[in-house]
Amino acid sequence: MVRGSIGRLASRALSVGGKWQHQQLRRLNVHEYQGADLMGKFGINVPKGAVVGSVQEVKEVLKNVFPSEKEIVVKSQILAGGRGLGTFKSGLQGGVHIVKAEEAESLAAKMLNQVLVTKQTGPQGKVVGKVYLCEKMSLVNEMYFAITLDRQTAGPLIIACSKGGTSIEDLAEKYPDMIIKVPVDVFKGITDEDAAKVVDGLAPKTADRQSSIEQIKKLYELFCKSDCTMLEINPLAETADKKLVAADAKLNFDDNAAFRQKEIFALRDTTQEDPREVAAAKADLNYIGLDGEIGCMVNGAGLAMATMDIIKLHGGTPANFLDVGGSASEGQVVEAFKILTSDDRVKAILVNIFGGIMKCDVIASGIVNAAKQVDLKVPVVVRLEGTNVDQGKRILKVCFCYHRCAFLLPESCFLCLKSFMYET
């Protein structure tokens, strides 16, 4: 089964271009078992399953939930796609297995608390803290279904394909005619006609057509009422008893809706996230970790993007995207430095501030306090311009930390690179 395979297809459908633009989007991601539970509440057909966090819980689930099942599907739970083709660092191949019921316990023991590496996790992988045990269903057909947001029509877009369970990107590239796209009027909502177009595009072989239409409408209801940014089911399967079942699903939710989706956002698993991003969110900072060597602290997303571009232009690579915004306090600046210095790959820090609402003296005071609280082992280059810039420069002059000041952004980038690239 494939999770998160909307990838390039969604990008084309949404006309979203550029790596940075994709990475800046912040959305809540939930585990498969959590998504299945939510879908069940909306009347969507999902396989019977139970999540476990220990070997003892596996025994209890097999006894109480699957007392007569001969085979069980054992699924590792991490917030990344490609689990089925992943590899555990222990050597176990695959994060999803179909095994005899008596073998489920030993397999779960090999998965729990182990690191699973997939195409989407990077080489560091993610720790499997939960395993999802599901009934093995008799599937007669596998299809693909997704709902995402379309900029061109300014509303939800349903994407479907009569083939599923494999890479939808490859399928869309080879057989573009098999992909159907049905935009939904956000004011009218999904109509019977819209749902029928989707079902006809899926071309189910045995499932009842009217029941299938109702399932599509329930999926759309879930998407809207739960403030999803994406709902992807791969595969959307037909069973031997003529039902459509969401065999594997991925759901993302709009962070801006956290205030009215408290139950959903309580499902957030911070153990699966970059701890630096978790810390940044608590400090109300916009942070995205990258893999470069120059840590960046900037005010404003546009200036942050330009700063990273110029770093690359001068031969360096940014270690992060960090926007402190226009109203950061000294405390937030200190927290920003703590996050930047927690990355062992950072060899220099570039602070680039254009003071408008954000005052340069506040940033300077934050840097001084950070130097007192954080063990700064890397050089800091500061470029200040704008509101209260003279006060900011005076504050920095009495700072005991190792810093340099620059007036032009290219000059500051050069100083950052020089500070560690020519060290002996």
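Which residue forms a salt bridge with Lys59, and how far apart are the closest N and O atoms? Let's work through this and two further exercises together.

The model is predicted, so local features need pLDDT of at least 70 and side-chain atom pairs count only at pLDDT 80 or more, while totals for chains, interfaces and linings use all residues. Residues are numbered from 1 along each chain as its sequence is written, and side-chain values use heavy atoms, leaving out hydrogens and water.

**Exercise 1.** Find the partner of Lys59 and place the pair in the chain.

*Step 1.* Begin with the criterion: a salt bridge is a side-chain nitrogen of Lys or Arg within 4 Å of a carboxyl oxygen of Asp or Glu. Glu105 is the partner of Lys59, with the closest N and O atoms 3.7 Å apart.

*Step 2.* Now locate both: Lys59 lies in helix α4 (residues 55-64) and Glu105 in helix α5 (residues 104-111), so the pair links distant parts of the chain, 46 residues apart. Helices here are DSSP runs (H or I, at least four residues) and strands are E runs of at least two, numbered from the N terminus.

*Step 3.* Check accessibility, where buried means under 20% relative accessible area, exposed over 50%, and partly exposed in between (1.4 Å probe, protein chains only). Lys59 is partly exposed because its relative accessibility is 40%, and Glu105 is partly exposed because its value is 27%.

**Exercise 2.** Describe the salt bridge between Lys338 and Glu335.

*Step 1.* The closest N and O atoms of Lys338 and Glu335 are 3.5 Å apart.

*Step 2.* Because they sit three residues apart in helix α12 (residues 330-341), about one helical turn separates them.

*Step 3.* Lys338 has 35% relative accessibility and therefore counts as partly exposed; Glu335, at 31%, is partly exposed too.

**Exercise 3.** Identify what lines the largest cavity.

*Step 1.* A cavity is a set of points, on a 1 Å grid over the protein atoms alone, where a 1.4 Å probe fits but cannot get out; lining residues have an atom within 4 Å of a point.

*Step 2.* The lining consists of Glu32, Ala36, Met39, Pro47, Tyr132, Cys134, Ala246, Ala247, Asp248 and Ala249. Two or more residues come from each of α3 (32-41) and β8 (130-135), and α3 gives the largest share, three residues.

*Step 3.* Follow Glu32 onward: its side chain meets that of Arg83 in a salt bridge (3.0 Å, N to O). Both Arg83 and Glu32 are buried.

Conventions
On a 1 Å grid over the protein atoms alone, a cavity is a set of points where a 1.4 Å probe fits but cannot get out, and a pocket is an open set with protein on both sides within 12 Å along at least five of seven lines; lining residues have an atom within 4 Å of a point.
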